[in-house]
Amino acid sequence: MKVKNLVNWFLLLSILRSKRGQPLSSNRARSIKRLAVYNFLKRERFRAKSTLRIALAKKKRRFHVRPIFLDREAYGAWTTLIPIMREFDREEYFRFMRMTPESFDYLLERVSPLIQKRSQRKPISEGERLAITLRYLASGDSMASLSYLFRVSNQVISNIILETTAAIWFAIKDEVFEPISEDFWRRKSAEFESMWQFPMCGGAMDGKHCFVQKFPMRGSEHFNYKYGNSVVLFALTDAKYKFIIVDVGARGRESDGGVFARSAFGKLYNNHELQLPPPAYNEALRTHLPYVFLGDDAFPLGVHLLKPFKGDFLPPEEVVYNYRVSRARRVVENSFGILAARFRVLRKSIIGSETLVQNIILACCALHNLHLTREDSIPPKQRVYMPPEYADLYKSNGFLKEGRWRKETKDEELCIFKRLVQQEVPEGVHVNLESAHEVRENFVELFVSDPLPWQYDNVPDV
């Protein structure tokens with residue numbers, strides 16, 4: 001190819017000289033050809049010498065596999081520690097994996113087709129790959145620490161975590177995240193009214209900063225007000241601490257309101273494509289109330305989005321309203337707290353690429369929902385992921401207590417669900433929804449006219 005280029009350059013030079021009226025003589029052409037060939041051979045000789053020198057100077061590989069990794073099947077945690085805990089100490093097994101043996105087997109069955117490897121050498125099994133990933137999510141340990149524990153190299157562990165977290169998300173996301181529909185929002189509203197005494201609420205939203213090591217070539221894009229680099233997890237949570245919608249990848253410098261506006265959920269909300277049911281008639285106010293979501297002051301007030309009043313000296317009715325909104329909205333804060341407590345990788349600065357960080361956060365959210373879904377039919381005292389003393393609970397007098405967070409309220413939720421359907425506006429009948437401020441004032445009036453028994457005990461200034 002290089003010789004062909006020399007010939008082309010010589011022909012081009014001959015054509016240019018001919019056009020200028022100065023054609024090359026035979027002697028001049030012969031001299032140019034000789035000089036070009038001489039320079040070409042000189043460069044090729046220098047390149048060959050340099051290649052040979054680099055090849056001779058290259059260090060010989062000491063070993064294909066480090067000696068400490070050769071006995072992985074004999075001394076690795078997958079074949080020694082984990083089977084013992086699985087057989088004789090299920091409590092420690094859960095602390096190690098953040099998963100019961102039955103849940104691990106169920107997840108392994110779903111994930112195996114996506115992480116299975118074929119090789120001439122014996123590959124790392126699917127179960128060991130899943131165990132390495134779950135231990136990383138549960139502890140947040142460095143990959144070097146996991147390397148010594150499982151007798152696998154750092155590079156292999158890095159690839160395993162990247163692939164397995166993505167596989168976890170794609171394998172179970174359709175199972176643990178329900179598709180939205182009118183009946184779906186009615187059920188979520190019934191749960192909020194039954195458990196937190198907040199009617200017409202579809203969920204509580206907020207953002208969580210997941211700290212990361214600064215990404216290369218990103219400047220201050222991910223630098224947040226907490227003086228660290230982070231990726232924002234935006235989530236909508238139901239009354240039972242389960243994530244309804246998650247959106248990961250926003251930069252740490254963005255506000256929660258900006259993240260909400262640019263998220264997929266925010267676009268559906270702004271385009272009125274959330275499939276919310278029609279407004280329901282409220283007997284106490286004698287007016288129709290729309291379905292709403294709860295947010296803090298970072299979100300914009302809307303017809304379907306409520307947030308507290310701002311200020312230090314508020315009228316009594318606005319103080320009561322703020323108490324009721326904050327009481328119901330704390331479920332999203334608890335969801336983030338439980339998620340980070342169970343998967344400690346979210347309590348540390350994650351080291352990895354943006355793709356790896358997003359895979360890790362999404363996998364943690366999917367596993368959180370998977371645990372809550374599988375434990376939903378289990379009595380509270382037998383739950384492992386969400387034991388009775390793990391989440392917040394309001395006592396019958398309205399005071400907050402760390403203890404049993406949920407009672408069996410299935411019958412009450414079903415009754416509320418039926419009542420909402422009966423009170424909704426019939427199809428084809430149009431109801432003129434008020435402005436966002438008027439909707440909020442309606443809820444203020446509702447909470448004052450229909451107070452909870454302990455409401456004013458928890459708001460002593462009113």
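This text leads through a predicted model, beginning with its largest pocket and then turning to two tyrosines with unusual backbone angles in the sense of a positive phi outside glycine.

The largest pocket has a volume of about 640 Å³, and its lining is made up of 20 residues, among which V65, R72, R121, I124 and V156 lie nearest the centre of the pocket. Helix 3 (67-70), helix 4 (72-75) and helix 10 (154-176) are the elements that each give two or more residues to this lining. Sorted by class, the lining residues of the largest pocket comprise nine charged, seven nonpolar and four polar ones.

The backbone offers a second point of entry, in the loops that join the strands. Y227, which is not a glycine, has a positive phi of about 65 degrees, and its place is in the loop between strand 1 (201-211) and strand 2 (230-237). The side of the following loop, between strand 2 and strand 3 (243-251), holds Y241, where phi is again positive in a residue other than glycine, with a value near 70 degrees.

What is the relative accessible area of Y227, and is this residue buried or exposed? Y227 has a relative accessible area of 72%, and because exposed means over 50%, this residue counts as exposed. Y241, by contrast, has a relative accessibility of 0%, and since buried means under 20%, Y241 is therefore classed as buried. A positive phi is thus found at an exposed tyrosine, Y227, and at a buried one, Y241.

Technical notes. Residues numbered from 1 in each chain as written. Predicted model: local features only at pLDDT ≥ 70, side-chain atom pairs only at ≥ 80, totals over all residues. Heavy atoms only, no water. Helix = DSSP H or I, 4+ residues; strand = E, 2+ residues; numbered from the N terminus. Buried < 20%, exposed > 50% of the residue type's maximum accessible area, 1.4 Å probe, protein only. 1 Å grid on protein atoms, 1.4 Å probe; cavity = no way out; pocket = protein on both sides within 12 Å on 5 of 7 lines; lining within 4 Å. Points joined across faces, edges and corners; volume = space filled by probe spheres on them. Nonpolar A, V, L, I, M, F, W, Y, C, P; charged D, E, K, R; others polar.
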